[in-house]
Amino acid sequence: MHMMGARGRSVPLSQVSSLYYKTSPDLKKAYVFYSIPGRIATGMATSFGPLGDARAITIDIGAVNDTAKNREEFGEGIHSAYKIGDHWVAEFDLAELNPMQPHNDQIKVFYGFERRDRNEPIPYRGTWIRE
């Protein structure tokens, strides 16, 4: 799979050790927190669309094995700039949403843009303020 022009294969959900998302208090951003031991993420494909009254984001992560050769070529991968503890963070801009609705009623995030793990819901873990 070539996501955003990157090398690597689609990562099945079984190889993602931790995955959840949070929103900013103003609902202008969604943040996906993930950890994939032994892999270097090289690309992320995304799809946006409506889901009833909610805004849906579907993601699929492409990665290569964490080897010396791949680390030399890719470094830490697409997620090298932003890490909290063991989790990498992907940030998504959101369109204007109704501020009267609870966050988890407005935004739904899924894993599995293609093939396996299609439309697996990612757990929502509340709001987060990026420091």
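Which residues do ring pairs link into a cluster? They are Tyr20, Tyr31, Phe33, Tyr82 and Trp128. Keep in mind that what you're looking at is a predicted model.

## The overall layout

Let's start with the big picture. The protein is built from two helices and ten strands. If you walk along the sequence, those elements come in the order β-β-β-β-β-α-β-β-α-β-β-β.

How does the chain fill space? Its C-alpha atoms take up a box of roughly 50 × 35 × 25 Å along the principal axes. The radius of gyration is 15 Å, which agrees with the value near 14 Å for a compact globule of 131 residues.

## Inside and outside

Of the 131 residues, 45% count as buried. The protein exposes about 7,300 Å², and carbon and sulfur atoms supply 48% of that area.

Contacts also reach across the sequence. Take those between residues at least 6 apart in sequence: 69% of them join residues at least 24 apart.

## Aromatic pairs

Now for the rings. Searching the whole structure turns up six aromatic pairs. One of them is Tyr31 with Trp128, an edge-to-face pair with 4.7 Å from centre to centre and 85° between the planes. Tyr31 belongs to strand β3 (residues 29-35), while Trp128 is in the segment after β10 (124-127), so this pair ties together parts that are 97 residues apart in sequence. Are these two buried or exposed? Both Tyr31 and Trp128 are buried.

Another pair brings Phe48 and Phe92 together, again edge-to-face, at 6.2 Å centre to centre and with 70° between the planes. Here Phe48 comes from strand β4 (residues 39-51) and Phe92 from strand β7 (residues 87-93), so the pair ties together parts that are 44 residues apart in sequence. The two partners have different surroundings: Phe48 is partly exposed, with a relative accessible area of 38%, whereas Phe92 is buried, at 7%. The cut-off explains the split, because buried means under 20% relative accessible area.

## Charges over the rings

Two members of the opening cluster, Tyr20 and Phe33, also have charged company. Which residue puts its charged end over the ring of Tyr20? That's Arg125, 4.6 Å from the ring centre. For Phe33, the neighbour is Lys22, whose charged end sits over the ring, 6.0 Å from its centre.

Methods. Residues numbered from 1 in each chain as written. Predicted model: local features only at pLDDT ≥ 70, side-chain atom pairs only at ≥ 80, totals over all residues. Heavy atoms only, no water. Phe/Tyr/Trp six-rings, centres within 6.5 Å; stacked < 30°, edge-to-face > 60°. Helix = DSSP H or I, 4+ residues; strand = E, 2+ residues; numbered from the N terminus. Buried < 20%, exposed > 50% of the residue type's maximum accessible area, 1.4 Å probe, protein only. Lys NZ or Arg CZ within 6 Å of the ring centre and 35° of its normal. Rg over C-alpha atoms; globule rule 2.2 N^0.38 Å. Contact = heavy atoms within 4.5 Å. Areas by Shrake-Rupley, 256 points an atom, 1.4 Å probe, with all protein chains shown as cover.
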